[in-house]
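Let's take a walk through this one together. Have the structure open and turn it as you read.

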Amino acid sequence: MEASSPVLDFKSTTLYAVRVVLYTADTAAILAALDQRMADAAGFFDDEPVVIDASRLTDTVDWDPLLAALRRHRLPPIGVMVPDALADSARAAGLAQVSLPPLAAKLSSEAESAKPDSLPPPAAAPAPASAAKAVDVVADTGVAVSEPPASGGMAVATLIIDKPLRSGQKVYARHADLIVLGVVSHGAEVIADGNIHVYGPLRGKAMAGARGNTDARIFTTQFDAELIAVAGVYRSMTAALSPDIENKPATVRLTGDKLLVDPLDI
């Protein structure tokens, strides 16, 4: 090896992560709620890095079973947000303290009850009320993987992807709308803080309003999504779609805590 060849280097980077928000230190309630959320999400968060947000808690968390449960659900924990009183226990569990911005909007702790008008309810039973309030799982946009150039004036920034997205590919439009000119394949993910427009088949996963924008929408010329979400309210598309929506132009919007999937007349 030449003397001038570096062995390693440190580079700054950004990273898309999921924030798991804890509302209680009750281990049984947390694990039950996590199991229910992951069953509802149908793999949407698989292999996403996780930051545990325990900043609202005052009681000590039993970290070991929580970390084991996250890893069992393919959610590798990379850090934690805790008050000073819990910092030592989190550090002893091997968790690094991180700082993330406050969530921009009300978390959808009732997301599992959201039912699109045109779609039948999922087969899974809802979690007990105590468990449903124990934990929330949201896409966190304090970190990111992609963002468009800054826009001048009052114009809304837009990230345009002019090629198909294959399985395993992910695009996140930070502080922006996202336009995809082509297919979003099964296993691909598109995420935006604003609206999402897919001019082609939407077969993967789409999350609009990732920073809590409840007015964000998803538009596609061919709706066949695996999972949809607006402002953290998500829905796994496991049931058969109605004929006026399946593989047809459609739009997704959030009304209260309810996701609506409507035909799009174009």
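Which residues of β5 make up its covered face, and which its uncovered one? Leu159 and Ile161 are on the covered face, while Thr158 and Ile160 are on the uncovered one. Keep in mind as you look that this is a predicted model. β5 spans 158-161, and its pairing partner here is strand β7, residues 177-180, which runs parallel to β5 and is joined to it by four bridges. If you want a spot to find that pairing on screen, go to Ile160: its bridge partner in β7 is Ile179.

Step back one residue from the strand and you reach Ala157, in the loop between β4 (135-140) and β5. Is Ala157 buried or exposed? Its relative accessibility is 12%, and because anything under 20% is called buried, Ala157 counts as buried. Ala157 also has a neighbor worth clicking on: His175 is 18 residues away in sequence, yet the two C-alpha atoms are 7.1 Å apart in space.

Now move on to strand β8, residues 189-192. Its side chains go two ways: Glu189 and Ile191 point to one side, Val190 and Ala192 to the other, and all of them are buried. β8 has pairing partners to look at too. Strand β6 (residues 170-173) pairs with β8 in the parallel sense over four bridges, and there you can spot Tyr172 standing opposite Ile191. Strand β10 (residues 205-208) also pairs with β8 in the parallel sense, over three bridges, with Val190 opposite Ala206.

Zoom out for the overall picture. The chain has four helices and 15 strands. Of its 266 residues, 48% are buried. If you take the contacts between residues at least 6 apart in sequence, 54% of them join residues at least 24 apart. On the outside, the chain exposes about 12,600 Å², with carbon and sulfur atoms supplying 54% of that.

For a piece of that surface, head to the segment before β1 (17-22), where Val7 is found. Val7, Leu8 and Phe10 form a nonpolar patch there on the surface, and together they have about 430 Å² of accessible area. Val7 has a relative accessibility of 74%, so it counts as exposed.

Next, the charged side chains. Side chains of opposite charge can pair when their charged atoms come close. The structure holds nine salt bridges, and a few make good stops. Lys11 and Asp9 meet in one of them, at 3.6 Å from N to O, and both of these residues are exposed.

Asp35 and Arg72 form another, at 3.5 Å from N to O. This pair links distant parts of the chain, with Asp35 in helix α1 (residues 27-41) and Arg72 in helix α2 (residues 63-72), 37 residues apart. Asp35 is partly exposed because its relative accessibility is 34%, whereas Arg72, at 53%, counts as exposed.

Then there's Asp47 with Arg74, which meet at 2.4 Å from N to O. Asp47 lies in the loop between α1 and β2 (50-53) and Arg74 in the loop between α2 and β3 (77-81), so this salt bridge ties together parts that are 27 residues apart in sequence. Asp47 has 47% relative accessibility, so it counts as partly exposed; Arg74 is partly exposed as well, at 42%. Before leaving the charges, look for Arg19, Asp53 and Arg56, which are linked in a network of salt bridges.

Finally, a word on how far to trust what's on screen. Mean pLDDT for the chain is 79, and 75% of the residues reach 70 or more. Where does pLDDT stay under 50? One such stretch is residues 140-147, for which the model has 33 contacts beyond four places in sequence. Residues 149-155 also stay under 50, and for them the model has three such contacts. Where pLDDT is low, the predicted coordinates should not be read in detail.

Note on methods:
Residues numbered from 1 in each chain as written. Predicted model: local features only at pLDDT ≥ 70, side-chain atom pairs only at ≥ 80, totals over all residues. Heavy atoms only, no water. Buried < 20%, exposed > 50% of the residue type's maximum accessible area, 1.4 Å probe, protein only. Contact = heavy atoms within 4.5 Å. Areas by Shrake-Rupley, 256 points an atom, 1.4 Å probe, with all protein chains shown as cover. Patch = residues over 30% accessible without salt bridge, like charges linked within 9 Å, V, L, I, M, F, W, Y side chains within 5 Å. Salt bridge = Lys/Arg side-chain N within 4 Å of Asp/Glu carboxyl O. Pairing = 2+ DSSP bridges. pLDDT = per-residue confidence, 0-100.
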